[in-house]
Amino acid sequence: MQRIRKGDEVIVITGKDKGKRGVVLSHIGTSRLTVEGINIVKKHTRPNPMKNVTGGIVDKTMSIDRSNVMLFDAATGKGGRISIKEVDGRRARVFKGNGNVVGQSSAAKPAKAVRKSKKKAVGE
């Protein structure tokens, strides 16, 4: 299970866009993400009449390493670390700071850790 998914709101913790928030648009490989409005670069393009492309300077969103972003926690207003716990029989992403499940409102109860009981072998 990925800790950061497409559609999550993240906050940049390092680099030229530090402190900015954006929505994850896509994953590139295992360690890079494209985030809306983050890591914008200017790309100089040549005109190509065969493809109907006009030349000029175009703004382009480049990828950012996933270690440079944190999932945004609306309850605290800051970035939060994520753990994966079992909630109601399903694996869920949970903020480590306050225990809230990712994607639920801040008014929801924190997730409780579920312990699996050890089953005894038959004949003991």
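Which residue is the bridge partner of I11 in β7? The partner is M70. To see where that pair sits, start with the whole chain.

This is a predicted model, so local features need pLDDT of at least 70, side-chain atom pairs count only at pLDDT 80 or more, and totals for chains, interfaces and linings use all residues. Residues are numbered from 1 along each chain as its sequence is written, and side-chain values use heavy atoms, with hydrogens and water left out.

The chain has ten strands and zero helices. Both kinds of element are DSSP runs, numbered from the N terminus: helices are H or I runs of at least four residues, and strands are E runs of at least two. Along the sequence the pattern reads β-β-β-β-β-β-β-β-β-β.

Now look at the sheet. Six strands form an open sheet, in the order β6-β3-β2-β1-β7-β8. The pairing is antiparallel. Its edge strands are β6 (64-65) and β8 (78-80), and each of these pairs on one side only. Two strands count as paired if DSSP finds at least two bridges between them.

Take the pairs in turn. β1 and β7 are antiparallel, with three bridges. This is where I11 meets M70. On its other pairing, β1 joins β2 (residues 21-28), again in the antiparallel sense and over three bridges. Here I11 stands opposite R21. E9 has V23 in β2 as its bridge partner. So I11 has a partner in β2 and a partner in β7; the rule behind both is the DSSP bridge.

Next comes β3. It pairs with β2 in the antiparallel sense, over four bridges. S26 has T34 in β3 as its bridge partner. H27 stands opposite L33 in β3. The two strands form a hairpin, with three residues between them. G29 lies in the turn, and its phi is positive, about 70 degrees.

What does R21 lie over? It lies over the face of F72, at 4.1 Å from the ring centre. A charge sits over a ring if NZ of Lys or CZ of Arg is within 6 Å of the ring centre and within 35 degrees of the ring normal. Aromatic pairs are another matter: the count is zero. Rings of Phe, Tyr and Trp (its six-membered ring) would pair if their centres lay within 6.5 Å; planes under 30 degrees apart count as stacked, over 60 as edge-to-face and the rest as tilted.

Turn to the interior. In soluble globular proteins, nonpolar side chains tend to be buried together. In this chain, 26% of the 124 residues count as buried. Buried means under 20% relative accessible area, exposed means over 50%, and partly exposed lies in between (1.4 Å probe, protein chains only). A nonpolar core is a set of buried Ala, Val, Leu, Ile, Met, Phe, Trp, Tyr and Cys residues joined through side-chain atoms within 4.5 Å. The largest one holds 13 residues, and I4, V10, L33, V35, I64, V69 and L71 touch the most other members. The elements that give two or more residues to this core are β1 (9-12), β3 (32-35) and β7 (69-73).

V35 shows the packing in detail. Leaving out residues up to four places away in sequence, V35 touches V10, G22, V23, V24, L25, T61 and I64. Touching here means contact, with heavy atoms within 4.5 Å.

Finally, visit the loops. Most residues other than glycine have a negative phi, and most peptide bonds are trans. Two asparagines have positive values: phi is near 60 degrees for N39 and near 55 degrees for N52. N39 lies in the loop between β3 and β4 (40-45), and N52 lies in the loop between β4 and β5 (56-61).

Is each one buried or exposed? N39 counts as buried because its relative accessibility is 19%. N52 is exposed because its relative accessible area is 72%. Not counting residues up to four places away in sequence, N39 touches K16, D17, K60, T61, M62 and S63.

A third loop lies between β7 and β8, and A75 is in it. A75 counts as partly exposed because its relative accessible area is 40%. The C-alpha atoms of A75 and N98 are separated by 8.7 Å, although the two residues are 23 apart along the chain.
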